[in-house]
Amino acid sequence: MTIEIGVLIAVASFLIGFFTFSRNRDKDVKNDATESAIIRTKLDNIGQSVDSIRIDFKASDQRWTALSETVIRIDESTKQAHKRIDKIENKGEI
């Protein structure tokens, strides 16, 4: 009888240990999956932010290009105006 109680206690202890291990393993898997999902979501948000910044940068670059072209045209126009003014001054009309 003593051996049967000892075996019964050993089997019960083994089963309790196994079920506890199984339950903790499932919790760990769930926690890992949750953390992984959170990290993926944050990385997706970072990727979208980077794409948005890239689009804004391209738009700013286009505006700077247009502005520099405008400045070049204005500079050329100003040079031509100064040449005409110099010609008029040399003729003595002013």
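## Exercises on a predicted helical model

Glutamate 35 has a relative accessible area of 48%, which makes this residue partly exposed. The exercises below all concern a predicted model.

**Exercise 1.** Determine where glutamate 35 lies and which residues gather with it in a patch of charge.

*Solution.* Begin with the secondary structure: glutamate 35 is placed in helix H1, which covers residues 2-91. Next, consider the accessibility, since membership of a patch requires over 30% relative accessible area and no salt bridge; glutamate 35, at 48%, satisfies the part of this rule that concerns area. Finally, look for the other members: Asp26, Asp28 and Asp32 gather with Glu35 on the surface, and the patch carries negative charge.

**Exercise 2.** Find how many aromatic pairs the whole structure holds, and classify the geometry of what is found.

*Solution.* A search through the whole structure returns one aromatic pair. The partners are phenylalanine 14 and phenylalanine 18, whose ring centres lie 6.4 Å apart and whose planes meet at 20 degrees, so the pair is classed as stacked. The cut-off needed for this step is that planes under 30 degrees apart count as stacked. As for their positions in the chain, the two residues are four apart in helix H1, which means that about one helical turn separates phenylalanine 14 from phenylalanine 18.

**Exercise 3.** Decide whether phenylalanine 14 and phenylalanine 18 are buried, partly exposed or exposed, and name the nonpolar patch to which they contribute.

*Solution.* The limit for exposed is over 50% relative accessible area, so phenylalanine 14, with 57%, counts as exposed. Phenylalanine 18, with 43%, counts as partly exposed. Both residues then appear in a nonpolar surface patch of about 600 Å², which is made by Val7, Val11, Phe14, Leu15, Phe18 and Phe19.

**Exercise 4.** Count the salt bridges and describe each one by its partners, its N to O distance and its spacing along the helix.

*Solution.* Side chains of opposite charge can pair when their charged atoms come close. With a limit of 4 Å between nitrogen and carboxyl oxygen, the count comes to two salt bridges. In one of these, arginine 54 pairs with aspartate 51, and their closest N and O atoms are 3.1 Å apart; the residues are three apart in helix H1, so about one helical turn lies between them. Arginine 54 is partly exposed at 44%, and aspartate 51 is likewise partly exposed, at 39%. Another salt bridge joins lysine 79 to aspartate 75, with the closest N and O atoms 3.9 Å apart. Lysine 79 and aspartate 75 are four residues apart in helix H1, which again corresponds to about one helical turn, and aspartate 75 counts as partly exposed at 41%.

Methods:
Residues are numbered from 1 along each chain as its sequence is written. This is a predicted model: local features need pLDDT of at least 70, side-chain atom pairs count only at pLDDT 80 or more; totals for chains, interfaces and linings use all residues. Side-chain values use heavy atoms; hydrogens and water are left out. Patches are made of residues with over 30% relative accessible area and no salt bridge: like charges are joined within 9 Å, nonpolar side chains (Val, Leu, Ile, Met, Phe, Trp, Tyr) within 5 Å. Accessible areas come from the Shrake-Rupley method with a 1.4 Å probe; for residues, only the protein chains shown count as cover. A salt bridge is a side-chain nitrogen of Lys or Arg within 4 Å of a carboxyl oxygen of Asp or Glu. Lys and Arg count as positive and Asp and Glu as negative; His and the chain ends are not counted. The place of a charge is taken as NZ of Lys, CZ of Arg, CG of Asp or CD of Glu. Buried means under 20% relative accessible area, exposed over 50%, partly exposed in between (1.4 Å probe, protein chains only). Rings of Phe, Tyr and Trp (its six-membered ring) pair if their centres lie within 6.5 Å; planes under 30 degrees apart count as stacked, over 60 as edge-to-face and the rest as tilted.
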